[in-house]
Amino acid sequence: MKTISAHNLTGPSRKSQGTLRRILKNPTLLGGIIMLAILVLLAILIPVISPYDPSAQDLRAFLQPPSAEHWLGTDQLGRDLFTRLIYAARTDLTIMVLAEIIPFCTGVFLGMLAGYYGKWIDNIISLVTDTFVAFPFYLIVIIVAFASGAGQRGIFITFMLVGWIVFARVTRGVTVSLRQQEWVASAQTLGLSGIRIMFRHILPNVLPQAVVVLMTDMVGLLVAIVTLGYLGIGIAPPTPDWGTMISDGQSFITTAWWLSAMPGLAVVYTGIALSLVGDGLADLWRRR
Amino acid sequence: MSMNPILEVEALTLSSRANPKLVHNVSFSIGKGETLGLVGESGSGKSLTLRAILGLLPQGIEQTGGQIKSSVSSAMVFQDPRGSLDPLCPVVKQLAEVISYRQGLSRRASRQAALELLEVLGLPLSLRQKDRYPSQLSGGQCQRVVIALALACKPGILLCDEPTTALDVTVQEQIIETISALQQELGFAMVFVTHNLAVASAMCSRLCVMRQGQIVEQGDTLSLLQAPQDAYTQMLINSVLPVPVLEGGEQR
Amino acid sequence: MSQGLHIQDLTVRYDGVTALDRIQLNIEEHTTLGLVGESGSGKSTLARVVAGLIVPDEGIISLGEEPLTKKRSRAQRKKIQMIFQNPDASLNPRLSIRQLLSEALLFHGIVRRSGLEQRCLELLARVQIDGSALDRYPHEFSGGQRQRIAIARALSVEPELLIADEPTSALDVSVQLSVLELFASLKQELNLTMLFISHDMGVIHAISDTVAVMRHGQLVEINSKERFFARPDTAYGYQLLSAVPKMPAGTYSRRDTP
């Protein structure tokens, strides 16, 4: 029942201006972006901010409580906790992003393929996704981690195997509903090729949904990386990582609780930031 | 104009944050058994006015002026018959629930009343005997059930929001006949919202032409259609595409 | 019988249900066939089959001399374009009008990049939309304007046959009238053959040369417009026409209306 008038709109750059204004008006998204930006900036600038080396031991100054010198205190080997925490963010966030890129692209592509072409392509892709969904994720991670040896490789391999599934499922669903839209039929009657319709017409419409899923999926992946580190089959020391830090600090939980609590809080902080961005983006795109 | 109106809308104004004049200064009244048509194009505020009378404004829209005075209860028939029914509940049961709630009858008595009402509305026996779900009914049959639901409330005023727009012409004709016959029999008043002037002329004794939230012209149906004063009304009438009269009149 | 659209024995079945039952239909070149029928009669299915969006189970469709193959070539697709019912869904919401109009022009190599802007503006002018629309997005336009843009896009590939599936049903009556006028003038100027689908007898009367009636997947009547609206051959055609609600006698009419 809305009438939209196009008469009093001016200027070709309306769209980009509008996007910025809408981000500023969206507190959820803005909050998430600011939180993420702080973390990323710290991770980039940590060599400048902190005089300490993340793996330099100083046995005279072990298990110190937070102070002006050591903002979050030191661990059992006298290493500065704040410095290690931020270096760990470097490791964990990098793995998180790198391990998502390829699954995201393949998942979105396969999902579009299944949703757009349907028939046997859809049957095969759906069969694979449904089968993988039946396996508990952590079971696969642990098997692969043991098979490929501890370290980042296990995470990458596991995610290549199963990470694309969630994107494929979501993209397939959206594509199936978009396929009914009349503008897809009109692109077909214009004689455009299937690949062109997929990438030029369907992709821009599924991307928003897929990116929202990407944000929540990243939180899950981050928790997985940290869990593996905690179990000792993730990132190998001395590379700083939140999971190993939590597990190392566990023995001192009564005397130096911050050793485990701080990396834990860092995971929560990142998780909240990513979720806020995801929710905010979903909100932004829903209102269009 | 009737002596003692059963519904009076006075200077009704509806606003949302973006548009303070979604409906502006709309006034009309209806007497017992009378049918008033609200006609206009999309965005004219005709459906909102109807929802305001029912007391069911969509979120974010508020009544900011005027008043609605009504001495009787009202019930509504919506445009999309399938959307107004619970798809997971058999239609007879849905109707019986409304009757038992509204009229305080026992389960058995309300089921009996429901079956009688569906018979009045001309639903075939086969659909009444077995418990059918809305998806097993045609659009026209669903709309009959929806009208039965509205009538189960024994309304003094039946509010109709484009009740025939989603239906085929032949079904539309039947539904119009059914509503008219029921009105004769039960004597309820109606507010009938439609964008189709021909349907409005068949149903309504008086018309209000709405545009951008305001009534631009109102009056007796025939005189309004024959001698419209407002330019917008004239334009609306001129936009109706004529269908020639069949040879041999309306027999056969 | 040389030019125009010819349909022979066209049959489409969906899981046992016959959606189209041996349809025989010819549309002469440069004429408009109005296709009427109630919901579920198969008229939209017929349109989509002709447009190549649904592959028929049996039957032959030919445009001019050339029978259309089951898997249509690009050149065959270009010749038949379709306008859809829902103005909210007829244009991809994420592409600008410029992108929407130029896409097929470039894809089929109809114009060079240098002539692109000029051609887009010509297309918009054809459907009476201002050139400033080029850098806007579909949601900035009203339903009627969006239908006009969809028409411009369909015309960009210079089709011979234009199929319109209830293109004005979702529009207000006053807008409907102007879009119908646009169809009529385009048909004149571009020598189009049209298959125009509507459930609204008034619309069919305004636009068609010939009327075809469908019911339960079958074509029950084909007749000239004048004859159909005066003396339909079938009882069903008569039933459809007599069910149309009429304006009361003596209704106001502007003297200059045709």
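Helices (H or I, at least four residues) and strands (E, at least two) are DSSP runs, numbered from the N terminus. This is a predicted model, in which local features need pLDDT of at least 70, side-chain atom pairs count only at pLDDT 80 or more, and totals for chains, interfaces and linings use all residues. Residues are numbered from 1 along each chain as its sequence is written, chains are lettered from A and ligands numbered from 1 in the order in which they are written, and side-chain values use heavy atoms, with hydrogens and water left out.

**View 1. Helix α1 of chain B and the glycine after it.** Helix α1(B) covers residues 46-54. Seven of its nine residues are buried, so the helix is mostly covered (buried means under 20% relative accessible area, exposed over 50%, partly exposed in between; 1.4 Å probe, protein chains only). The buried residues are Lys46(B), Ser47(B), Leu48(B), Thr49(B), Leu50(B), Ala52(B) and Ile53(B). Gly55(B) comes just after α1(B). Its phi is positive, at about 85 degrees.

**View 2. Lys21(B) in a loop of chain B.** The loop runs between β1 (7-15) and β2 (23-30). Lys21(B) is partly exposed there, at a relative accessible area of 46%. Leaving aside neighbours within four places in sequence, Lys21(B) is in contact with Leu14(B) and Gln212(B) (contact means heavy atoms within 4.5 Å). Thr64(B) is 43 residues from Lys21(B) in sequence. In space, the two are 9.4 Å apart, C-alpha to C-alpha.

**View 3. Chain A as a whole.** Chain A has 10 helices and zero strands. From the N terminus on, its elements run α-α-α-α-α-α-α-α-α-α. The C-alpha trace spans about 75 × 50 × 30 Å along its principal axes. Of the 288 residues of chain A, 47% count as buried. Among the contacts in chain A with a separation of 6 or more, 71% come from residues 24 or more positions apart. The accessible surface of chain A is about 14200 Å² (Shrake-Rupley method with a 1.4 Å probe; for residues, only the protein chains shown count as cover). Carbon and sulfur atoms hold 68% of that surface.

**View 4. A nonpolar patch on the surface of chain A.** The patch is formed by Val40(A), Leu41(A), Ile44(A), Leu45(A), Val48(A), Ile49(A) and Trp71(A). Together they have about 690 Å² of accessible area. Patches are made of residues with over 30% relative accessible area and no salt bridge; like charges are joined within 9 Å, nonpolar side chains (Val, Leu, Ile, Met, Phe, Trp, Tyr) within 5 Å. Ile44(A) sits in helix α2 (residues 27-49) of chain A. Its relative accessible area is 54%, so Ile44(A) is exposed.

**View 5. Inside the largest nonpolar core.** This core has 70 residues. A nonpolar core is a set of buried Ala, Val, Leu, Ile, Met, Phe, Trp, Tyr and Cys residues joined through side-chain atoms within 4.5 Å. Met96(A) and Trp242(A) touch the most other members. Leaving aside neighbours within four places in sequence, Met96(A) is in contact with Met218(A), Leu221(A), Leu222(A), Ile225(A) and Leu274(A). Another core, of 48 residues, lies apart from the largest one. Its members include Ala75(B), Ala114(B), Val146(B) and Val209(B).

**View 6. Arg148(C), buried without a salt bridge.** Arg148(C) belongs to helix α5 (residues 143-155) of chain C. It is buried but has no salt bridge (a side-chain nitrogen of Lys or Arg within 4 Å of a carboxyl oxygen of Asp or Glu). The nearest side chain of opposite charge is Glu181(C), 6.7 Å away (Lys and Arg count as positive and Asp and Glu as negative; His and the chain ends are not counted). Leaving aside neighbours within four places in sequence, Arg148(C) is in contact with Val127(C), Gln128(C), Ile129(C), Ser178(C), Val179(C) and Leu182(C).

**View 7. Salt bridges of chain C.** The whole structure has 20 salt bridges over all chains. Arg119(C) pairs with Glu122(C) at 3.6 Å, N to O. Both lie in helix α4 (residues 116-126), three residues apart, so about one helical turn separates them. Arg119(C) also pairs with Glu158(C), at 3.3 Å, N to O. Glu158(C) lies in the loop between α5 and β7 (161-165), so this pair ties together parts that are 39 residues apart in sequence. Glu158(C) is exposed, at 52% relative accessibility.
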